[in-house]
Amino acid sequence: VSLLTNINDLMLIGNSKITDKSVSLLTNIHTLYSNISKITDKSVSILTNIHDFYLGDNIEITHSSVSLLTNIHTLNLGFNEKVTDKSVSLLTNINDLMLIGNSKITDKSVSLLTNIHTLYSNISKITDKSVSLLTNIHDFYLGDNIEITHSSVSLLTNIHTLELMDNYTLTDNTLSLLTNIHTLYLSYNGKITDNTLSLLTNIHTLYLSYNGKITDNSLLLLTNIHTLDLADNCTIT
């Protein structure tokens, strides 16, 4: 790997042989998947051209290096909790932020990232306080986050993708305002009803697995649907 200095994208998902010794020489890297513990701050701090950084289960990366990646556009923290508000608040060029298993990032830093287009907030530290400021969001994945409510999501009128899944705080009142939605995840969600879904005629992709609330009444009106997930759904015929 140390000889491949023209590499732009490097994926080390299951490789535990590659270390800082070679990665530190790859200064042209734009995309790095570092889901191993062999890559540390020592090499990452040198790779300041990184645009997309996926940490996965790598817990060796800390504030020390991530805070230097000011050109970063996509940051996936996975289950890394050594990157905190202190670093993220400096990365104001971020477009896509994934907080899948990170519980250290809070409203304090996220509220500063007004260029965000995609946000995965599958933790309870992100609340309405920051989300209400992120009006440029196009794709919003709430996952198991139950702190987000109508108060902030109703303001995200530019949203194209919304994943509600296990979020029970958002109801028809919110969704009826988001008429630009193209992709909607309602798997396991029991709050959204036919009345509102039938209004969202721009939907292209709809996920209804394990959803017992939505019926044929609304689905018949969504004639633009290209992709439909009905796994383990017993209400659609």
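Which backbone oxygen does the side chain of N189 reach? The views below start from the whole predicted model and then turn to that residue and others.

**Figure 1. The whole protein is built from ten helices and eleven strands.** This is a predicted model. The C-alpha trace spans about 60 × 35 × 25 Å along its principal axes. The protein has 237 residues, and 48% of them count as buried. Take the contacts with a separation of 6 or more: residues 24 or more positions apart account for 10% of these.

**Figure 2. Eleven strands form an open sheet.** Read the order straight through: β1-β2-β3-β4-β5-β6-β7-β8-β9-β10-β11. The pairing is parallel. From one strand to the next, the twist averages 0°. Which strands stand at the edges? They are β1 (9-11) and β11 (227-229). Each has a single partner strand, so one side of each is left without a neighbour in the sheet.

**Figure 3. Strands β3 and β4 pair in the parallel sense.** Strand β3 covers residues 52-54, and strand β4 covers residues 74-76. Three bridges join the two. Look for F53: opposite it, in β4, stands L75. These two residues also appear in the next view.

**Figure 4. The largest nonpolar core holds 61 residues.** Which of its residues touch the most other members? They are F53, L75, F140, L162 and L184. Now follow L75 and leave aside its neighbours within four places in sequence. L75 is then in contact with F53, L55, V66, V88, L91, I94, D96, L97 and M98. F53, the residue opposite L75, is thus on the contact list as well.

**Figure 5. Y185 and Y207 form a stacked aromatic pair, one of five aromatic pairs counted.** A pair of aromatic rings is described by the distance of the centres and the angle of the planes. For Y185 and Y207, the centres are 4.2 Å apart and the angle between the planes is 0°. The pair links distant parts of the chain. Y185 sits in strand β9 (residues 183-185). Y207 sits in strand β10 (residues 205-207). The two are 22 residues apart. Is Y207 buried or exposed? Its relative accessible area is 22%, and Y207 is partly exposed. The cut-off for buried is under 20%, so Y207 does not count as buried. Ring pairs also link Y185 and Y207 into a cluster with Y120 and Y141.

**Figure 6. Y188 and Y210 make a stacked pair between two loops.** How far apart are the ring centres, and at what angle are the planes? The centres lie 4.8 Å apart and the planes are at 10°, so the pair is stacked. Planes under 30 degrees apart count as stacked. Y188 lies in the loop between β9 and α9 (194-197). Y210 lies in the loop between β10 and α10 (216-219). The pair therefore ties together parts that are 22 residues apart in sequence. Both residues count as partly exposed: Y188 has 38% relative accessibility, and Y210 has 44%. Check the backbone too. Phi of Y188 is near 70°, a positive value in a residue other than glycine. Y210 has a positive phi of about 60°, although it is not a glycine.

**Figure 7. The side chain of N189 reaches the backbone oxygen of N167.** Here is the reply to the opening question. The distance is 3.0 Å. N189 lies in the loop between β9 and α9. This is the loop that holds Y188. At 1% relative accessibility, N189 counts as buried. Which residues does N189 contact, leaving aside its neighbours within four places in sequence? They are L164, M165, N167, Y168, N211 and K213.

**Figure 8. L25 and L220 are two loop residues.** L25 has its place between α1 (20-23) and β2 (31-33). At 44% relative accessibility, L25 counts as partly exposed. Leaving aside its neighbours within four places in sequence, L25 is in contact with S2 and T5. L177 is 152 residues from L25 along the chain, and 50 Å separates their C-alpha atoms. L220 is found in the loop between α10 and β11. At 67% relative accessibility, L220 counts as exposed. L220 and L197 are 23 residues apart in sequence, and their C-alpha atoms are 11 Å apart in space.

Technical notes: Residues are numbered from 1 along each chain as its sequence is written. This is a predicted model: local features need pLDDT of at least 70, side-chain atom pairs count only at pLDDT 80 or more; totals for chains, interfaces and linings use all residues. Side-chain values use heavy atoms; hydrogens and water are left out. Rings of Phe, Tyr and Trp (its six-membered ring) pair if their centres lie within 6.5 Å; planes under 30 degrees apart count as stacked, over 60 as edge-to-face and the rest as tilted. Helices (H or I, at least four residues) and strands (E, at least two) are DSSP runs, numbered from the N terminus. Buried means under 20% relative accessible area, exposed over 50%, partly exposed in between (1.4 Å probe, protein chains only). Two strands pair if DSSP finds at least two bridges between them. Axes are lines fitted to C-alpha atoms, for helices over the stretch in contact, and angles run from 0 to 180 degrees between N-to-C directions. A polar contact is a pair of N or O atoms within 3.5 Å; within protein, one must be able to donate a hydrogen and the other to accept it, and residues adjacent in sequence count only if both atoms are side-chain atoms. Contact means heavy atoms within 4.5 Å. A nonpolar core is a set of buried Ala, Val, Leu, Ile, Met, Phe, Trp, Tyr and Cys residues joined through side-chain atoms within 4.5 Å.
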